[in-house]
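Notebook open, coffee poured. I want to go through this one piece by piece and jot down what I look up.

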Amino acid sequence: MKKNIVIINLFVFVFIILITCILFSLFFSPQLFSKVEIHLNFYNYFTKNPIKELKINFFINTNEKDFLILSDVSDNDGKIVYTISLKEYDIKPSAKSISISGVWALIKIIGEDEFSVNNDRWTIRDLESFFSNSSEYFFNNVNFQRIRSGPTLIFKLDFYLAEAAIIEVYDPISQARGLDSHLRINILESNFIKCVWNNHVFVVSPTTMQVSLDVKYVIYNTQPLSFRVSIVVNIGNRSFVDLTPYYVKAFSHSLIEELDRIVNNLNSYGFDLTTYKNELNRIRKYFELAIERLESNDIVSFQRHIQFAMNSCRDLSLEIIGMYTSGVVWIPSLFIIFVFFAISLSKIVVEKNFVILFLIILAAIFCLFVLTNPYLRLFVFDPLVLAQSFTQSLIFQFFFQLLPIVLLIVAACFSQIRTFMWEVFEVSIRNLKRRKLKTSLALTTLIIVTTSAMCLLTIAARRPTLMVANQNTIPIVDRGFVIYKVISQRPFSSEKEPTKLFIPLQWYEVEWLLEHEYVEFINVYGIKKIGLARADGFVIDGFNQFNLIVTNTTFIDCYQNVSDTLGIKWFTSTDKNMVIIGSKIAEKYNLQTGSEVLIDGKRYVIKSIVDEKLAAQNLKEIDGSLFLFKVYDQETGKVDGDSFIIGDIDDFDHNSITVFRVSIIVNRQFVQNMNQITEEILDFGLDFGESDEYSYVESYLLQVIMQHTVYHVEADLPSTFIFGETPIVPMIIAILILLVNMMGTVYERKSEIRTIHVIGASPLRISLIFVTEGLIFGVIGGIFSYIFGFLAVQTTNITLPELVSKNIIGGAPFAIAFSIAILSSLIGCFYPAMQSMKVVVPSGRMRHQSKDIVKIHGSLAHLQVPIKIEKSEIEKFGSYLENLSREVKLLYKFISISPPCIEKTNGITVFSITTEMSVKGYETAIFQIQIIVTSENNLNVIIQPLDSKKVKTETWSRIHKDNINELSQFLREKILEFKISEKNLNFTI
């Protein structure tokens with residue numbers, strides 16, 4: 001029955017498919033359509049009224065090669081109807097191009113889909129047709145709407161147009177990117193079509209043009225700061241629009257408002273942001289000055305002020321976002337510290353049932369830190385903002401901080417590790433509680449020291465500066481700067497050292513330097529590649545491109561007599577459009593002093609002819625270095641291009657010159673401020689970021705001339721430094737007190753340490769007990785120091801408030817307090833921990849000193865052990881040696897001991913054992929050992945070498961001699977441990 005039902009259903013399904021296919025083929029069969037039409041409808045975009053009497057030429061793609069041309073005029077309904085043959089509609093038509101009479105902005109098309117001007121479905125190839133009062137557009141994938149109307153198949157497109165104007169637009173984005181590489185490209189988009197024609201930007205737009213600038217300013221190493229800026233420009237009768245003022249006003253307003261919003265948000269959590277608000281006001285003034293200079297057509301000043309504003313915005317953004325994220329990465333570590341502090345303190349206060357006290361202390365310390373630490377408060381109350389500020393590197397740092405928690409959880413899964421850690425911790429707590437007075441003294445000292453350190457120190461970001469005296473050059477002047485610009489690039493895909501290159505300075509940087517009052521004289525050294533020809537147009541192929549060196553020629557002559565140095569006539573203040581050429585150029589072109597030459601098509605008179613090598617080797621910069629930079633190679637002695645030309649900078653276009661160096665003579669009244677001026681210049685020139693291939697650091701390289709000495713100065717990226725009055729003496733006192741305290745404990749507990757070693761505690765476990773005690777000191781002392789330091793600064797005036805007022809509620813004070821407490825306690829406990837290991841494992845020096853405990857006479861070695869075994873202890877001693885043989889077999893790989901054989905001769909008991917050792921090398925040394933028990937205070941141990949067949953031999957081989965000292969020391973320690981084990985001290989670990 002089920003099989004029949006399945007067959008019937010299958011037949012019904014096939015029948016339905018066949019009927020559907022037949023109806024579909026009949027419905028779209030060409031025989032059912034008597035006519036196929038193209039309908040084009042034209043409407044005004046704003047009024048939606050039809051546009052009549054439009055002359056159009058419309059090109060339609062019918063397949064990859066063929067197309068139709070439709071030429072007609074729209075009727076009163078704004079419609080054009082065109083009939084095509086039946087065979088042509090089988091290929092799905094699409095729009096190719098259209099030409100419309102008049103200047104129209106094509107804003108929207110409705111066909112198979114609805115397209116707007118922002119979908120990039122039509123373009124303008126050139127503007128010649130628009131200037132001829134005709135609008136021409138080219139389409140990409142604009143398909144017709146397919147409609148069936150009785151026997152007629154209609155392909156339809158609706159065009160929405162607006163009366164437009166052709167406006168030339170100056171788009172500042174490309175130039176702005178040249179000023180600031182952090183600025184990402186914008187798309188100029190709205191109800192218009194953009195066209196680049198004859199290297200100018202034009203738009204075909206409605207009369208009222210709304211320009212939308214999608215601006216993205218990327219701050220590297222953080223999430224990008226993005227701003228959406230909409231600008232409305234009323235065209236009116238203008239044919240040219242400069243978008244720069246609108247761009248600067250809108251972008252600066254949005255940028256400052258966003259930064260102000262972030263600053264105010266941080267202010268609500270307790271951060272002191274006075275410095276950042278002052279910086280924001282300074283940025284606002286920079287933007288205002290830039291707009292003023294732009295409106296007065298002072299482009300150079302505009303570029304300089306806009307650069308100041310953008311650089312300051314970048315730096316402020318980095319600092320603000322750093323405040324969001326810098327404290328977050330150590331939050332996991334902070335929670336570990338809280339838990340350890342609560343457990344330690346609760347265990348010290350109570351013996352049992354410490355869980356309730358632990359929870360109370362944990363909650364109290366967490367609430368206290370939330371109230372006093374804005375980073376933790378920001379993490380608790382605004383985690384979403386922090387999550388948005390995270391980047392890949394910060395996420396990695398955050399999870400790296402989580403690593404200790406993960407390791408603790410993994411370790412807790414193993415019972416042996418968990419038991420080991422907890423037993424070491426409990427022994428440390430018990431030792432601290434037992435020495436109440438010493439523990440209190442050490443902890444009080446630690447708290448006092450770290451509290452004072454937190455009040456006197458501040459952590460801040462400082463830029464490291466490298467200043468090295470250069471003894472190889474003698475400066476011409478006694479005060480000044482020589483400034484270069486360098487970029488250091490480190491590729492992401494390589495472990496190579498970063499590449500450092502000299503890069504040009506910009507003219508706004510030169511102008512900025514010139515504005516300072518400390519500048520007495522300034523010289524610019526620039527290079528330009530020029531084409532040279534004789535005045536009559538004569539050119540030598542392959543010898544007509546040279547380096548033109550431009551400089552302030554009067555500046556050079558002030559500080560060295562160039563005419564005497566080079567033996568030529570140098571420039572005077574009245575010389576205009578004159579140059580000095582190299583001798584090789586003069587020789588090849590047959591030129592003399594007074595001749596005219598063409599430099600890039602402009603006439604210049606030859607002032608003098610100079611010998612290239614003489615000029616390269618003798619012409620000096622004010623710091624004593626060679627003047628010809630990037631033209632003369634001092635190592636090879638070659639001149640680039642075999643020759644060069646020297647000219648005055650005022651005779652050439654500044655914008656075409658590549659500036660490689662600026663030299664400054666400093667006014668004498670500012671000599672005392674040279675270090676401050678150096679910092680200011682380095683701050684201005686520092687920039688850093690990432691490209692797709694490498695990270696980079698741009699900075700100034702300075703040659704600073706002070707007191708007839710040249711100093712090489714170079715800046716690096718900002719790093720974290722601790723500055724203030726370092727309390728080194730209290731720190732040393734704290735370390736010494738902890739050291740004496742712990743060392744006294746080691747000496748007091750020597751027998752105890754040996755006992756726990758005998759019953760199974762390893763030397764590492766013993767040393768960890770002392771290290772854990774130091775860690776407990778550090779954690780408890782660090783947190784209490786932070787609390788007392790916070791109260792001291794907030795309620796008294798005994799500290800230096802100018803150093804801590806801006807940082808006491810930040811992360812720096814706790815970092816200082818905790819770091820100093822941990823450092824002091826661990827240093828104070830490290831040496832005692834090492835000494836505790838030496839109690840049970842002697843050092844190499846002690847082993848060297850103990851070589852004399854064994855004496856070799858002939859074929860026998862004699863060892864004296866200072867221990868007396870009574871007759872009543874002989875049986876126990878035999879059992880101890882038998883247990884020792886089993887213990888050695890289990891615990892040691894380098895030595896094995898056979899069970900003892902007991903012999904009695906004339907009332908003297910002798911224990912005989914056989915030992916195999918391979919301490920050094922892979923060979924094995926076999927020894928026969930006899931322990932002779934007498935009534936004396938020393939045990940006499942006789943050691944005799946055995947050969948490989950365990951037969952006594954009178955020859956001490958090399959392998960026997962190499963191992964006898966280690967064997968003697970081992971036997972001595974193990975025999976001595978017999979007496980320690982007999983004390984039956986109850987000590988558990």
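Below are my entries, from the overall make-up down to single residues.

**Entry 1: overall make-up**

First thing to write down: this is a predicted model. I looked up the secondary structure and got 27 helices and 42 strands. The protein has 989 residues, and buried ones make up 48% of them. Then I turned to contacts. Taking those between residues at least 6 apart in sequence, I find that 72% join residues at least 24 apart.

**Entry 2: strand S11**

I spent a good while on S11, residues 152–170. Is this strand enclosed or open to the outside? I checked burial: 14 of its 19 residues are buried, so the rest of the structure largely encloses S11.

Next I went through its partners. A reminder to myself: strands of a sheet pair through backbone hydrogen bonds, in either the parallel or the antiparallel sense.

- S1 (residues 35–44) runs parallel to S11, with ten bridges between them. For a register mark I noted Asn 41, whose bridge partner in S11 is Asp 158.
- S6 (residues 104–110) is antiparallel to S11, over six bridges. Here Ala 105 stands opposite Ala 162 of S11.
- S10 (residues 145–149) is also paired with S11 in the antiparallel sense, over five bridges. Arg 146 faces Phe 155 of S11 across this pairing, standing opposite to it.
- S15 (residues 200–206) is joined to S11 by five bridges and runs antiparallel. I took Ile 166 as the marker, and its bridge partner in S15 is Val 204.
- S18 (residues 240–242) pairs with S11 in the parallel sense over three bridges. Glu 168 has Phe 240 of S18 as its bridge partner.

I also looked at the turn between S10 and S11. What sits between the strands of this hairpin? There are two residues, and Gly 150 takes a positive phi near 60°.

**Entry 3: a five-strand open sheet**

I traced another sheet and wrote down its order as S3-S2-S5-S9-S8. It is an open sheet of five strands, with antiparallel pairing. Which strands stand at its edges? They are S3 (67–73) and S8 (122–123); each has a single partner strand, so one side of each is left without a neighbour in the sheet.

Inside that order I looked at S2 (residues 55–61) and S5 (residues 94–101), which pair antiparallel over six bridges. Asn 57 stands opposite Ser 99 of S5.

**Entry 4: the S33–S34 hairpin**

Further along the chain I stopped at S34, residues 709–715. Five of its seven residues are buried, so S34 is largely enclosed by the rest of the structure. Its antiparallel partner S33 (residues 694–706) is joined to it by six bridges. I noted one opposite pair, Gln 703 with His 712 of S34. The hairpin of S33 and S34 has two residues between the strands, and Gln 707 takes a positive phi near 55°.

**Entry 5: cysteines**

How many disulfides does the structure hold? I got zero. I then looked up the accessibility of two cysteines. Cys 413 comes out at a relative accessible area of 61%, which is over 50%, so I list Cys 413 as exposed. Cys 367 is at 45% and is partly exposed.

**Entry 6: Phe 770**

I picked Phe 770 in helix H22, which covers residues 763–795. Is Phe 770 buried or exposed? Its relative accessible area is 1%; the cut-off for buried is under 20%, so Phe 770 counts as buried. I also checked its distance to Pro 832: the two are 62 residues apart in sequence, yet their C-alpha atoms are 7.2 Å apart in space.

**Entry 7: cavities**

Last, I searched the whole structure for cavities and found four of 30 Å³ or more. The largest has a volume of about 50 Å³. What lines the largest cavity? I wrote down Ile 476, Phe 555, Ile 556, Tyr 559, Gln 560, Lys 620, Glu 621 and Ile 622. By type, the lining of the largest cavity has five nonpolar residues, one polar and two charged.

Terms used. Residues numbered from 1 in each chain as written. Predicted model: local features only at pLDDT ≥ 70, side-chain atom pairs only at ≥ 80, totals over all residues. Heavy atoms only, no water. Disulfide = S-S within 2.5 Å. Buried < 20%, exposed > 50% of the residue type's maximum accessible area, 1.4 Å probe, protein only. Helix = DSSP H or I, 4+ residues; strand = E, 2+ residues; numbered from the N terminus. Pairing = 2+ DSSP bridges. 1 Å grid on protein atoms, 1.4 Å probe; cavity = no way out; pocket = protein on both sides within 12 Å on 5 of 7 lines; lining within 4 Å. Points joined across faces, edges and corners; volume = space filled by probe spheres on them. Nonpolar A, V, L, I, M, F, W, Y, C, P; charged D, E, K, R; others polar. Contact = heavy atoms within 4.5 Å.
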